[in-house]
Amino acid sequence: LTIGSGEFVLIRGPSGVGKSSLLRLLNGLQEPTSGRVVVDGRELASIDITDHRRRVGYVQQTPVMVSGSVEDNLLLAFRYRSGRGQTPPTQDTLRATLGLYRLADVPLDADATVLSVGQQQRLALIRAVMTEPALLLCDEPTSALDPESREVVEDRLEAMNVEQGVGVVMVTHVDYSPKAAAVRRLRMSAEAGLEDDG
C-alpha cells in the first residue's frame, strides 16, 4: 500500500481483518512482524517517533477523555513531548474551533468526561488536529454517532483535506461518500489483503 501526500483514503472490510492494526502500524503504535513502514523514503523504525506522531494524528474509534475540562483535553497534545515548542491556541481560538464542530454551546471549563459520545468524538478530532498533522488516521470515527454528529465529523475531515491538504486515512463501516474530496476506496480482507474497492 502506498499513500500519497494529501490523499483521502477510505478503508472498508469485515471485522478482524486488521484495519485498526494498519492504522496503528502507520502511527507507530504497533511494529510490523514482517514488511516495512516507509515514510518519505525512510523506514519508520529510523524516524524519531515523537516527530512522526506530530505529523500523523490518530483518532480512535472510542473517544478517550482525560479527567478535566474541555480545555484541558483540547490542549493535551501541547503537554506531551511531541507538542513542546508549539504555541498552544488561545481560548478564543478554541471557542471558534468548537463552533466549527457545532460545539459552541460547550464551555471550555465543562467536565469533558460527562459529555455525550458525539461531543467527545468531536473533541477527540479537534484535539488530533490542534497540532496541524500532515496525515490524519481515523478509526471508525463516526460509528457511534448520531446522524448530525456524523455529518459534522465527515464535513470537517473533508474540509481539512480539500482546504488544507491534510491527508486522511479513514476506516469506516458506513456508506460514506465525500462531497468534494477525491476519495480512494480500498477493501481489506483476510484472503486478498488490501485491494481497490471502486
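Visitor: Is Asp-40 buried or exposed?
Guide: In this predicted model, Asp-40 has a relative accessibility of 65%, so it counts as exposed, the cut-off being over 50%.

Visitor: Where does Asp-40 lie?
Guide: Asp-40 is in the loop between strand S2 (38-39) and strand S3 (42-43).

Visitor: What about its phi?
Guide: The phi of Asp-40 is positive, about 50 degrees, although Asp-40 is not a glycine. Most residues other than glycine have a negative phi.

Visitor: Which residue in the loop between helix H4 and H5 has a positive phi too?
Guide: Arg-102, which is not a glycine either, has a positive phi of about 55 degrees. Arg-102 is found in the loop between helix H4 (91-100) and H5.

Visitor: How accessible is Arg-102?
Guide: Arg-102 has 40% relative accessibility, so it counts as partly exposed.

Visitor: And what comes just after H1?
Guide: Gly-28 does, with a positive phi of about 80 degrees.

Visitor: Which residues of H1 are buried?
Guide: Helix H1 covers residues 19-27, and its buried residues are Lys-19, Leu-22, Leu-23, Leu-25, Leu-26 and Asn-27.

Visitor: New topic. At what angle do H5 and H6 cross?
Guide: Roughly 15 degrees, with the axes of helix H5 (residues 117-129) and helix H6 (residues 147-164) coming within 10 Å. That angle is under 35 degrees, so H5 is roughly parallel to H6.

Visitor: Is the crossing left-handed or right-handed?
Guide: H5 passes H6 in a left-handed crossing.

Visitor: Which residues make the contact?
Guide: On the H5 side, Gly-118, Arg-122, Leu-125 and Val-129. H6 brings Ser-149, Val-152, Val-153, Leu-157 and Met-160.

Visitor: How many of those are nonpolar, polar or charged?
Guide: Six are nonpolar, two are polar and one is charged.

Visitor: Now the rings. How many aromatic pairs are there?
Guide: The count comes to one aromatic pair. The pair is Phe-8 with Tyr-176, with ring centres 6.3 Å apart.

Visitor: Why is the pair called tilted?
Guide: The planes of the two rings stand at 55 degrees, between the limits of 30 degrees for stacked and 60 for edge-to-face, so the pair is tilted.

Visitor: Where do Phe-8 and Tyr-176 sit along the chain?
Guide: Phe-8 is in strand S1 (residues 8-12), while Tyr-176 is in the loop between strand S6 (167-171) and strand S7 (183-189). They are 168 residues apart, and the pair links distant parts of the chain.

Visitor: Are Phe-8 and Tyr-176 buried or exposed?
Guide: Both Phe-8 and Tyr-176 are buried.

Technical notes. Residues numbered from 1 in each chain as written. Predicted model: local features only at pLDDT ≥ 70, side-chain atom pairs only at ≥ 80, totals over all residues. Heavy atoms only, no water. Axes fitted to C-alpha atoms, helices over the stretch in contact; angles between N-to-C directions. Helix = DSSP H or I, 4+ residues; strand = E, 2+ residues; numbered from the N terminus. Parallel < 35°, antiparallel > 145°, perpendicular 65-115°, else oblique. Left-handed = near helix turned anticlockwise from the far one by under 90°. Contact = heavy atoms within 4.5 Å. Nonpolar A, V, L, I, M, F, W, Y, C, P; charged D, E, K, R; others polar. Phe/Tyr/Trp six-rings, centres within 6.5 Å; stacked < 30°, edge-to-face > 60°. Buried < 20%, exposed > 50% of the residue type's maximum accessible area, 1.4 Å probe, protein only.
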